[in-house]
Amino acid sequence: MTDDQQHHDDNKLIAERRQKLDALREQGNPFPNDFRHDVLAAELQQAHGEKTKEELEPLAIRAKVAGRVMARRGPFMVLQDQSGRIQIYADKAIQQEIKHWDIGDIVGVEGVLHKSGKGDLYVMIERQQLLTKSLRPLPEKWHGLTDTEQRYRQRYVDLIINEETRDTFRIRAAVISGIRQYLVERGFYEAETPMLQVIPGGATARPFVTHHNALDLQMYMRIAPELYLKRLVVGGFDRVFEINRNFRNEGVSTRHNPEFTMVEFYQAYSDYRDMMNLTEDMLRTVAANVLGKTEVEYQGESFDFGKPFARMTVVESILHFNPGVTEQQLGDIVEAREIAKGLGIPLKDSYGLGKVQIEIFEKTVEHQLKQPTFITEYPTEVSPLARRSDSNPFVTDRFEFFVGGREIANGFSELNDAEDQAERFHKQVAEKEAGDDEAMFFDEDYIAALEYGMPPAAGEGIGIDRLVMLFTDSPSIRDVILFPHMRPLHK
RNA sequence: GGGCCGUUAGCUCAGCGGUAGAGCAGUUGGCUUUUAACCAAUUGGUCGAUGGUUCGAAUCCAUCACGGCCCA
C-alpha cells in the first residue's frame, strides 16, 4: 500500500493526527527516546496525596513523569502510566506549545508537584516532550470500550482505556507469582517440560496435531506436562512444578479456551491428603496476599477460602444431592445405568460403573459445589494415572477441587507401580481403538521410567485461568486471557 | 452443531417502512485551578456483507460473516 492510499483510507480523525505527525517530522525525530521519568503516578499519589496544599508547597517536590494523555480539562491534562494517573498543568505559554498534543499521545513532563484547590495533585509543567504521537483516537472516556469483540481483538485498547481490565491482569500476574513464590519457598524446583510431544500424555483430551519438518515427525501440542514432571521425580527432583500452557483441541466457551494455563506440582513422600492440605493453605494464602481477604465475591455469590474446605467422596456427594438415590443403587452397574438414563445422560456400552458414577456426578453434583470443596475417591476407571486406594481398589487416592460449581484442581497419589500403569495404558489404548479419541496413548518410555522406580508421591494440577476468574469476578475465561482466540476477520 | 440476541460516526448508543440522529472525541473560537471541566459554533456515515420484497429499506425477508449468552 502506498502512502497516498494509506492516507486516503484514514478517516478524518486519523488524517488530522497524521498531519500533526508530518509537521513534527519536519522539526526533527518525532519519536525521541531520551526522556527518563523518575517517579510513577501512583508513587506520587501515595507519598503526597494526603498532604495539604500548605504542607506540600514548601517542599517544592520536583517530578519527572511520563505516560499517555487520557483527558483534557481546561489547563489540566490527565497522564496515565503503568501505576495510575496524575494530572499535569500547563500555563498559557506552555498551552500554546503543546496545542498539538492529542488524547492518546505519550508524553514526558517535568516540574514541581502542587495540589489544586479541589485537592488533586498535579505537576506544573516546566519542560515537556512529546514522546510518541498517537494516530488513532481512543474510545470514549466515560463508557470506555465495551464492545466485547473489540476488547478481545484489540486488547491493547482495552488495557489503555478500561481500568478493570488492567486490574484483572494485575491480579492474574499476582496470582501466578504468588503460587510460584509459595512453591519455591517450600523447596519446589521450577521446570520447563516439552510443549511439543511425540506422545501426548497426562490427560484424556483431544490434542492439536502438528508436524516437525526436519525430523519428518508428527507431533502434538501437549495436553498436560504430567508424565514429564513425574519423570523428573524419578530423576530425583522430589519437589517439582511447572506453570505453563496446555493445549486441548476442544470447543471454546466461557469456561474453555483451547490453550490455558496450569500449575502442576509433584511432591515425593506425600499422598493426596497432603496435596489437599497444601492446596487449602496455598489458595488461602494467595487469596489473602492478592485480594487482601479470604472471601471471594463472584457474580453475586461469596466463597469463603478462610474456613476449612469441605471434603466428601464422589459417592457421598451424589447421595447428598440426589436424595432419592441409595448407595446400593450407585454400587450396581444396572441400577446406576438406570439412574443415569433417568437423568437424560447418554451412555456408551463401554462405560463401566465408575464412568457411569462420574457421569451422574458431573450432571447432578458438580455445578452445586459452590463453597471450596474437595471431592475424593474417584473411580479407577476414570483415573488412569492415579494410585488405587489400599482399602478399595475400585477407587483411587484422588481428589478434585471445586469452587463456584467449577472444577479448579485435580490431584492424586501417583501410581508408581509400573506394571499397574502398563495395564491402565493398555485399557486406554483399547478405548482409543474403540473410537474414543480422547483416550491415552501407551507411553513406553514413561513405563521404563517407572521401572527405574518413582518414590511414592502425589501431584496436582490447578487451572490458573479459572482461579483468576474467581479472584477477578470475571464471568468468561476470555476476560482473564490477554489474547483469547477469535476467528480471523476477512480482509 | 442447535436456540436466542447483537453488528448504525473514532467510541457509547437512539432510530425499527418515508430527508441518517444524540452524547463523548475531533475542529474553530472563548474561558483558564479543572475533576465525565465549562460556553458557543462546527466537521464527521458504503447503517456488517450480498441478494430479495416495496413507489420507497438502517428498518421487512433470505443467505453469509463476525461476536455474545445458553444448550449439546
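**Close-up views of the predicted model**

**View 1. Helices α8 and α10 cross in a right-handed manner.** This is a predicted model, and the first close-up is centred on two of its helices. Helix α8 covers residues 163–185, and helix α10 covers residues 272–291. Their axes come within 10 Å and cross at roughly 135 degrees. The two helices, α8 and α10, are therefore oblique to each other, since an angle has to be over 145 degrees to count as roughly antiparallel.

**View 2. Helix α16 packs against both α9 and α15.** Start with α9 (residues 226–234) and α16 (residues 444–452): their axes are 9 Å apart, at an angle of about 25 degrees. That makes α9 roughly parallel to α16, because angles under 35 degrees count that way. Follow α9 past α16 and you will find a left-handed crossing. Now turn to helix α15, which spans residues 418–433. The axes of α15 and α16 are 9 Å apart, with an angle of about 165 degrees between them. α15 and α16 are therefore roughly antiparallel to each other. The crossing of this pair, α15 and α16, is right-handed.

**View 3. RNA strand B has 44 protein residues around it.** The ones that come nearest are K12, E16, R73, S116 and E149. Of the atoms of RNA strand B that come within 4 Å of the protein, 63% belong to sugar and phosphate. If you sort the nearby surface by residue class, you get 17 charged, 14 nonpolar and 13 polar residues.

**View 4. Side chains of D120, Q150 and R153 reach different parts of the RNA.** For D120, look at the base: a polar side-chain atom of this residue lies 3.0 Å from a base oxygen of RNA strand B. For Q150, look at the phosphate instead, where an oxygen is 3.4 Å from a side-chain N or O atom of that residue. For R153, a side-chain N or O atom is 2.9 Å from a sugar or linking oxygen of the strand. Zooming out, the elements that supply two or more residues to the surface near RNA strand B are α2 (12–27), β1 (62–73), β3 (85–89), α5 (92–97), β5 (121–132) and α6 (148–153). Of these, α6 gives the most, with five residues.

**View 5. Five strands close into a barrel.** Going around it, the order is β1-β2-β3-β5-β4, and the pairing is mixed. From one strand to the next, the twist averages 55 degrees. For a closer look at one pair, find β1 and β2 (residues 76–80), which run antiparallel and are joined by five bridges. Within this pair, R68 has Q80 in β2 as its bridge partner. As a reminder, strands of a sheet pair through backbone hydrogen bonds, either parallel or antiparallel.

**View 6. Three strands, β7-β9-β8, make an open sheet with antiparallel pairing.** At the edges are β7 (196–197) and β8 (209–212), each of which pairs on one side only. Four bridges connect β8 to β9, whose residues are 217–221. To find your bearings on this pair, look for H211, which has Q218 in β9 as its bridge partner. While tracing any of these strands, it helps to recall that in a regular strand the side chains alternate between the two faces of the sheet.

**View 7. Strands β12 and β13 form a hairpin with two residues between them.** β12 (residues 295–298) and β13 (residues 301–304) run antiparallel and are held by four bridges. E297 is bridged to S302 in β13. Do have a look at Q299 as well: in this hairpin Q299 takes a positive phi near 45 degrees.

Methods:
Residues numbered from 1 in each chain as written. Chains lettered and ligands numbered in written order. Predicted model: local features only at pLDDT ≥ 70, side-chain atom pairs only at ≥ 80, totals over all residues. Heavy atoms only, no water. Near = heavy atom within 4 Å. Polar contact = N/O pair within 3.5 Å; in protein donor to acceptor, adjacent residues only side chain to side chain. Nonpolar A, V, L, I, M, F, W, Y, C, P; charged D, E, K, R; others polar. Pairing = 2+ DSSP bridges. Axes fitted to C-alpha atoms, helices over the stretch in contact; angles between N-to-C directions. Parallel < 35°, antiparallel > 145°, perpendicular 65-115°, else oblique. Left-handed = near helix turned anticlockwise from the far one by under 90°.
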